[in-house]
Amino acid sequence: MFRKAASFLFFIGVCSLGLTGCGGKTAELPSSGEENISGKAVSGRETGMAGPVEFNHKLDGYQPAKEKYNFYFTYKIAHPWWDAVALGIEEAADQYAEMGITIEYEYLAPDEVSVQDQIRRLSDAARRDFDVIGVDVADVAKVTPEINRLIKDGQKVMTFSSSDAGRENGCQRIAYVGNTHNYKDGADLTKALCKKLGYHGKVAILVGTMGAPCHEDRALGAKDVLAEYPDMEIVEIEYDGDNVEKAYEFTKDFLEKHKDLSGIICCNMSNPVGAARAVVEAGRADGIVIVGMDHDQEALRYLRDGVIYALGVQDCYSIGFDTVQVAVKIADGKLPGEDYPEKTEETTTIIYQDGASAMLQTLYGEIE
């Protein structure tokens, strides 16, 4: 069962009968005088892409051992970020179909982040004879024991998306596909904010989901950068659960309590939207620098209009595509280091105001 993506609407519209053959159209990197701290890619592979998202993918030539595969993928929360990942999954499945290989999969998540729900989903999947189980980890400490239990019972488990539970955490998952540099993403966005503020000011941080590796690592990167500058001060840190409305409410509270607030650092895709809404509503868009993550359409509009200063856009499409390729190899009994790495690194690109319109056109067909 595949929950159809609601994001990247323009791309779906162009390729609604199947994604094979579509691609190659990417946003231009920013051309302004602002420093592009992360360059073209943060710790990611070189793809030759012109912008943050690479649509032009081809299978890597590996010959699958079976004619049919059945995968289970679960992630933190039903949200447009993972809809974009789903498009890459669908593209890979379509290309395997052209080879005569059937890829069946379930791609499901709860409406609210719940560690216990994720553990239950993994346990249920283990009883249903999937070739590979994939999980975007909601909480490393709490989900790792369940992953290890499944591995011990003979299940093939991988992690994907932006939240790994790696071997350094004691997790025995087979491989990971996704963002391997969340700490650096948070640090790079914060460096951009600090430079914009002249390395002086009070800032608040919206983290996301407590225990989620990607959100926590970005927040840690932000805090470590801010600690380097004696005139930068963190006045508030809140967890919004990757929820726009909660981020909006927290930001309203920030603005009420801290009349001299200078900046807001947002560590997921939802909170830049909530923060920007609150700042605009309060009439303080000109006085507060907002940085955050990813490709939400509303966030990109705020970036275009100068309300948000910078966004770190992850290549979700590539994450989905590569997840399927790695899952096929895991299902065939291949180990990391044979036909795929233990960690497949994907890219993040920081874009500024003059890169926003191109992203809106590429991802949503939105033309000024």
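Let me start with helix α9, which runs over residues 297–304 and in which A299, L300, Y302 and L303 are buried. These residues cover an arc of only 160° around the axis, and that is why they fall on the same side of α9. Please keep in mind throughout that this is a predicted model. As for what covers the buried residues of α9, the list includes helix α8 (271–281), strand β10 (310–314), strand β12 (348–351) and helix α11 (353–364).

The two ends of this helix also deserve a word. At the start of α9, a side-chain oxygen of D296 comes to within 2.8 Å of the backbone nitrogen of E298, and just after the helix, G306 takes a positive phi of about 85°. Slightly before the helix, in the loop between β9 (289–293) and α9, we find D294, whose phi is near 80°, a positive value in a residue other than glycine. Most residues other than glycine have a negative phi. Is D294 buried or exposed? D294 counts as buried, because its relative accessibility is 1%.

There is a second aspartate to set beside that one, namely D242, which sits in the loop between β7 (232–238) and α7 (244–257). Phi of D242 is near 60°, again a positive value in a residue other than glycine, and with a relative accessible area of 5% D242 is buried.

Stepping back for a moment to the whole protein chain, there are 11 helices and 12 strands, and of the 368 residues 59% count as buried. If we take the contacts between residues at least 6 apart in sequence, 78% of them join residues at least 24 apart.

Now to a pair of helices, α3 (residues 115–126) and α4 (residues 140–152), which pack at an angle of about 5° with their axes 10 Å apart. With that angle, α3 and α4 are therefore roughly parallel to each other. On the α3 side the contact is made by V115, Q118, I119, L122, S123 and A126, and these meet K142, V143, E146, I147, R149 and L150 in α4. By type, the residues of this contact divide into 7 nonpolar, 2 polar and 3 charged.

Leading into α4 is D139, in the loop between β3 (132–135) and that helix. At 10% relative accessibility D139 counts as buried, and a polar atom of the D139 side chain lies 3.1 Å from the backbone nitrogen of K142. Leaving aside residues up to four places away in sequence, D139 touches V115, T144, M210 and G211. The C-alpha atoms of D139 and D164 are separated by 9.3 Å, although the two residues are 25 apart along the chain.

Finally, I would like to point out S161, which has its place in strand β4 (residues 157–161). S161 is buried, with a relative accessible area of 0%. Which side chain does the side chain of S161 join in a polar contact of 2.8 Å? The partner is W82. Not counting residues up to four places away in sequence, the residues that S161 touches are W81, W82, D136, Y176, V177, G178, N179 and I319.

How values were computed: Residues are numbered from 1 along each chain as its sequence is written. This is a predicted model: local features need pLDDT of at least 70, side-chain atom pairs count only at pLDDT 80 or more; totals for chains, interfaces and linings use all residues. Side-chain values use heavy atoms; hydrogens and water are left out. Buried means under 20% relative accessible area, exposed over 50%, partly exposed in between (1.4 Å probe, protein chains only). Helices (H or I, at least four residues) and strands (E, at least two) are DSSP runs, numbered from the N terminus. The arc is that of the directions from the helix axis to the C-beta atoms. Contact means heavy atoms within 4.5 Å. A polar contact is a pair of N or O atoms within 3.5 Å; within protein, one must be able to donate a hydrogen and the other to accept it, and residues adjacent in sequence count only if both atoms are side-chain atoms. Axes are lines fitted to C-alpha atoms, for helices over the stretch in contact, and angles run from 0 to 180 degrees between N-to-C directions. Angles under 35 degrees count as roughly parallel, over 145 as roughly antiparallel, 65 to 115 as roughly perpendicular and the rest as oblique. Ala, Val, Leu, Ile, Met, Phe, Trp, Tyr, Cys and Pro count as nonpolar, Asp, Glu, Lys and Arg as charged, and the others, Gly among them, as polar.
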